[in-house]
Amino acid sequence: MLELLNIGSLVLGLIAWLLPVVNLMQYKKPDHKNWVVLSIMSISACAISLCFQIINNSHLVKIEDWTALMDITGSLAVIASVLLIVTIILNAITLIVYRDRIAK
């Protein structure tokens, strides 16, 4: 069951990146009013994805699988940072693009 955490984390990470892209692609539509909801869902998917990785690392500590932890910790830190930074940048771009609609 815990093996699914990595798959879930990957899927949620992709969702975190796809939702702002969908927001940006639908900018020209005048009736696109749920962009805030999609941005919140994007940030939430990113947070849950990172939480899954923390739970997976916690499991590895509990079962004392030190070699697995030593193998994945460095790359996990880089990948988690990239996921978070790209998600924030994409949602910031969405906010900048849609700020004209907020002012109206």
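This tour moves from the whole chain to a cluster of aromatic rings and then to a few single residues, with a suggestion at each stop of what to select.

**The whole chain**

Begin with the complete model, which is a predicted one, and colour it by secondary structure: the protein has three helices and zero strands, and reading along the sequence gives the pattern α-α-α. With a radius of gyration of 17 Å, well over the 13 Å that the globule rule gives for 104 residues, the protein is more spread out than a compact globule. If you turn the C-alpha trace onto its principal axes, you will find that it spans about 55 × 25 × 15 Å.

Next, switch on the surface, whose accessible area comes to about 7,000 Å², with 75% of it belonging to carbon and sulfur atoms. Of the 104 residues, 29% count as buried. When contacts between residues at least 6 apart in sequence are considered, 77% of them join residues at least 24 apart. Selecting the charged side chains shows one further feature of the whole chain, namely that the mean positions of the 7 positive and 6 negative charges lie 26 Å apart.

**The aromatic cluster**

Now hide the surface and select Tyr27, Trp35 and Tyr98, which ring pairs link into a cluster. The structure holds two aromatic pairs, and each can be examined in turn.

Tyr27 and Tyr98 form an edge-to-face pair, with 5.3 Å from centre to centre and 85° between the planes. This pair links distant parts of the chain, since Tyr27 sits in the loop between α1 (4-25) and α2 (35-62), whereas Tyr98 belongs to helix α3 (residues 66-103), 71 residues apart. Are these two tyrosines buried or exposed? Tyr27 counts as partly exposed because its relative accessibility is 26%, while Tyr98, at 0% relative accessibility, counts as buried.

Keep Tyr98 in view and bring Trp35 forward, for these two residues form a stacked pair, 4.8 Å centre to centre and with 10° between the planes. Here too the pair links distant parts of the chain, with Trp35 in helix α2 and Tyr98 in helix α3, 63 residues apart. Trp35 is buried, as is Tyr98.

**Asn23**

From the cluster, move to Asn23, which is found in helix α1. Its relative accessible area is 0%, so Asn23 is buried. Which residues does Asn23 touch, not counting those up to four places away in sequence? Displaying its surroundings should bring up His32, Trp35, Leu38, Ser39, Thr94 and Tyr98, and two of these, Trp35 and Tyr98, have already appeared as the stacked pair. To relate Asn23 to helix α2 by backbone distance, draw a line from its C-alpha atom to that of Val37, 14 residues apart along the chain, and the separation will read 9.9 Å.

**Ile43**

Continue to Ile43, which lies in helix α2 and counts as partly exposed, at 48% relative accessibility. Leaving aside residues up to four places away in sequence, Ile43 touches Thr87 and Asn91. A second distance worth drawing runs between the C-alpha atoms of Ile43 and Ala16, which are 27 residues apart along the chain and separated by 6.3 Å.

**Val61 and the loop that follows**

Select Val61 next, also found in helix α2. With a relative accessible area of 41%, Val61 is partly exposed. Apart from residues up to four places away in sequence, Val61 touches Trp66 and Leu69. Val61 and Leu76 are 15 residues apart in sequence, and their C-alpha atoms are 15 Å apart in space.

The last selection is Glu64, found in the loop between α2 and α3. What is the sign of phi at Glu64? Glu64 has a positive phi, of about 55°, although it is not a glycine. As background for that value, most residues other than glycine have a negative phi. The relative accessible area of Glu64 is 55%, so this residue is exposed.

How values were computed
Residues are numbered from 1 along each chain as its sequence is written. This is a predicted model: local features need pLDDT of at least 70, side-chain atom pairs count only at pLDDT 80 or more; totals for chains, interfaces and linings use all residues. Side-chain values use heavy atoms; hydrogens and water are left out. Helices (H or I, at least four residues) and strands (E, at least two) are DSSP runs, numbered from the N terminus. The radius of gyration is taken over C-alpha atoms; the globule rule is 2.2 Å times the number of residues to the power 0.38. Buried means under 20% relative accessible area, exposed over 50%, partly exposed in between (1.4 Å probe, protein chains only). Contact means heavy atoms within 4.5 Å. Accessible areas come from the Shrake-Rupley method with a 1.4 Å probe; for residues, only the protein chains shown count as cover. Lys and Arg count as positive and Asp and Glu as negative; His and the chain ends are not counted. The place of a charge is taken as NZ of Lys, CZ of Arg, CG of Asp or CD of Glu. Rings of Phe, Tyr and Trp (its six-membered ring) pair if their centres lie within 6.5 Å; planes under 30 degrees apart count as stacked, over 60 as edge-to-face and the rest as tilted.
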